[in-house]
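Student: Got a minute to go through a model with me? I'll put it up here.
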Amino acid sequence: MIHSASPDLLAADEPAAFEVAGPVGRSPSVVSPFVVACDHAGRDIPRSLGSLGLSEEVLASHVAWDIGAGGVARRLGAALDAVVVWQRYSRLVIDCNRPLDAPDSIAARSERVVIPGNQNVGPAEATARARAIFHPYHDAIRAELARRREAGQPSIYVAMHSFTPVYLDVARPWHVGVLYNRDARLAEPLLRLLRGEGDLVVGCNEPYAVSDATDFSVVNHGEQRGIPHVELEIRQDLVADDAGQIAWAARLARLLVAAAQSISV
């Protein structure tokens with residue numbers, strides 16, 4: 001079933017757009033510099049949108065969310081003693097890593113899947129989705145980064161994502177991708193460290209590349225603030241279960257700390 005978005009989109013008893021965990025408000029002297037975010041952590045759909053016309057099988061797939069990314073982000077945050085902010089609702093409602101004027105901010109199709117509930121979404125409905133989900137999530141990240149700046153705390157921004165092993169019938173060889181736009185301060189040492197592990201195929205701006213037109217999170221919260229940042233993509237078959245998420249969170253925590261030590265924060 002497909003429904004139109006109400007002006008408020010989310011009912012009063014539905015979950016908020018985001019969750020926050022970690023040492024928010026702790027004394028600056030004992031707080032980690034890391035802030036971890038996950039733009040595509042959840043796959044919930046507001047009741048007012050029904051299922052967007054999609055089957056449960058599709059809604060459980062990468063079409064709707066970044067499989068494993070939220071689990072890695074939360075475990076990474078715990079390992080780093082970092083603040084973690086993650087988004088609960090599916091990227092199909094509105095993509096929290098796209099500028100609002102991007103063509104796929106509200107995707108009409110994903111890979112070969114047509115999204116019936118996203119056909120001909122008008123300005124009022126797009127605004128309602130942004131107001132309910134996009135803006136609260138990013139406002140929470142902004143508030144944490146602003147609080148840290150005002151307290152004189154250094155910040156390092158890490159955006160966690162995952163990618164499919166195969167896209168449009170093409171296999172992807174990378175285990176992990178390190179993504180950045182103009183500022184490679186953190187990305188370059190992290191690339192060296194990941195490649196030095198010896199058991200990984202590591203992509204530099206692969207399988208995606210960051211740009212102003214296609215990415216919102218690290219561009220706005222990292223680059224435009226002038227703080228060190230990186231976007232990480234892990235192949236989903238490596239983090240689809242708890243064991244993979246635990247292992248990758250531990251590896252990334254170790255390497256991110258080492259990378260951060262090599263730069264001026």
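Student: Which strands does helix 6 lie across?
Tutor: Helix 6 (residues 242–261) lies across strand 2, strand 6, strand 9 and strand 11. Helices (H or I, at least four residues) and strands (E, at least two) are DSSP runs, numbered from the N terminus. Contact means heavy atoms within 4.5 Å.
Student: And at what angle does helix 6 run to strand 11?
Tutor: At about 155°. Axes are lines fitted to C-alpha atoms, for helices over the stretch in contact, and angles run from 0 to 180 degrees between N-to-C directions.
Student: Before we go on, what are the ground rules?
Tutor: This is a predicted model, where local features need pLDDT of at least 70, side-chain atom pairs count only at pLDDT 80 or more, and totals for chains, interfaces and linings use all residues. Residues are numbered from 1 along each chain as its sequence is written, and side-chain values use heavy atoms, with hydrogens and water left out.
Student: OK, the sheet. What's the strand order?
Tutor: It's an open sheet of seven strands, ordered 1-3-2-6-11-9-10 with mixed pairing; two strands pair if DSSP finds at least two bridges between them. Strand 1 (18–21) and strand 10 (202–204) are the edges, each pairing on one side only. From one strand to the next, the twist averages 20°.
Student: How many bridges join strand 9 to strand 10?
Tutor: Three, and the two strands run parallel. Val176 has Val202 in strand 10 as its bridge partner.
Student: What does helix 3 touch?
Tutor: Helix 3 (residues 123–150) packs on the sheet, touching strand 1, strand 2 (34–38), strand 3 (83–87) and strand 6. Its direction makes about 170° with that of strand 3.
Student: New topic: how many aromatic pairs are there?
Tutor: One, counting rings of Phe, Tyr and Trp (its six-membered ring) with centres within 6.5 Å; planes under 30 degrees apart count as stacked, over 60 as edge-to-face and the rest as tilted. The ring centres of Phe134 and Phe216 are 4.9 Å apart and the planes sit at 65°, so this pair is edge-to-face.
Student: Where do those two Phe residues lie?
Tutor: Phe134 is in helix 3 and Phe216 in the loop between strand 10 and helix 5 (217–223), so the pair ties together parts 82 residues apart in sequence.
Student: Is the peptide bond from Glu206 to Pro207 cis or trans?
Tutor: Cis, with omega near 5°. Pro207 also belongs to the loop between strand 10 and helix 5.
Student: And what's the phi of Leu52?
Tutor: Positive, about 60°, although Leu52 is not a glycine. Leu52 sits in the loop between strand 2 and helix 1 (56–59).
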